[in-house]
Amino acid sequence: MTWTAPQAQRSSEPYVADERAMLEGWLDWHRGTLLHKCAGLTGEQLAQAPVPPSGLSLLGLVRHMADVERTWFRSRVLGEQVAPLYSHPDGRSGAAFDLADPARAEEDFAILAAEVDACRAAVAGVPLEHTFRHDRTGETMSLRWVYVHMIEEYARHNGHADLIRERIDGATGE
């Protein structure tokens with residue numbers, strides 16, 4: 001039996017809310033949108049990179065976003081010592097895309113779900129004003145900035161997901 005990505009439940013972003021609820025609502029909507037773009041596809045379809053010469057695939061995006069969630073919320077904001085989820089043995093970047101395996105698609109979706117849950121729990125009580133120093137640039141950043149960045153990151157990749165999905169099976173839409 002071939003695994004197929006399940007239908008995704010997208011939460012509605014709040015129309016009226018305080019800043020934290022608004023940021024969390026939009027981030028959750030974008031998280032759900034990526035999963036919505038994958039729904040109904042097999043691992044093989046999810047691993048296709050149908051827009052040459054790019055190696056972007058829906059499965060690669062799922063894996064990438066799991067790593068991005070972990071890096072920003074847990075490693076950078078809270079300073080947790082967590083290893084990247086996907087890496088090349090030689091340390092070069094791009095493993096989330098390059099090493100995407102259709103046979104592991106179900107596991108990769110579970111990893112993203114677990115990472116989102118872990119990130120939500122990790123920053124649940126942290127004020128938006130909380131600051132940290134970026135490990136590579138040395139810049140001081142806030143949790144508020146991370147939420148905005150994560151919304152932007154998902155929105156950009158959801159645009160990629162739209163194009164990839166349309167190339168795979170013609171499906172379009174929100």
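**Exercise 1. Asp90 and Arg92**

Task: In this predicted model, which residue forms a salt bridge with Asp90, and how far apart are the closest N and O atoms? Then classify each partner as buried, partly exposed or exposed.

Solution.
- Step 1. Asp90 pairs with Arg92. Their closest N and O atoms are 2.9 Å apart.
- Step 2. The cut-off for a salt bridge is 4 Å, so the pair at 2.9 Å qualifies.
- Step 3. Asp90 has a relative accessible area of 55%. Exposed means over 50%, so Asp90 is exposed.
- Step 4. Arg92 has 48% relative accessibility. That value falls between the 20% and 50% limits, so Arg92 is partly exposed.

**Exercise 2. A pair within one helix**

Task: Where do Glu153 and Arg156 lie? Give the N to O distance of their salt bridge, then classify both residues by accessibility.

Solution.
- Step 1. Both residues belong to helix H6, residues 143-169.
- Step 2. They sit three residues apart, about one turn of the helix.
- Step 3. The closest N and O atoms of the salt bridge are 2.8 Å apart.
- Step 4. Glu153 has 6% relative accessibility. Buried means under 20%, so Glu153 is buried.
- Step 5. Arg156 is at 39%, so Arg156 counts as partly exposed.

Some salt bridges share partners. One network joins Asp28, Arg31, Glu69, Asp117 and Arg120.

**Exercise 3. A pair between helices**

Task: Which helices hold Glu115 and Arg74, and how many residues separate the two? Are the side chains' owners buried or exposed?

Solution.
- Step 1. The side chains of Glu115 and Arg74 form a salt bridge at 2.7 Å, N to O.
- Step 2. Glu115 is in H5, residues 105-123, and Arg74 is in H3, residues 58-77.
- Step 3. The two are 41 residues apart, so the pair links distant parts of the chain.
- Step 4. Both Glu115 and Arg74 are buried.
- Step 5. For context, the model's count is 19 salt bridges.

**Exercise 4. The geometry of H3**

Task: What span should the 20 residues of H3 have at 1.5 Å a residue, and what is the distance between its end C-alpha atoms? Where does H3 bend?

Solution.
- Step 1. The expected span is 1.5 Å times one less than the number of residues. For H3 this comes to 28 Å.
- Step 2. The end C-alpha atoms are 27 Å apart, which agrees.
- Step 3. H3 bends by about 30° at Thr71.
- Step 4. H3 is mostly covered, with 17 of its 20 residues buried.
- Step 5. Just after H3, Gly79 has a positive phi of about 75°.

Note on methods:
Residues numbered from 1 in each chain as written. Predicted model: local features only at pLDDT ≥ 70, side-chain atom pairs only at ≥ 80, totals over all residues. Heavy atoms only, no water. Helix = DSSP H or I, 4+ residues; strand = E, 2+ residues; numbered from the N terminus. Buried < 20%, exposed > 50% of the residue type's maximum accessible area, 1.4 Å probe, protein only. Bend = angle between axes of the 7 residues up to and from the residue.
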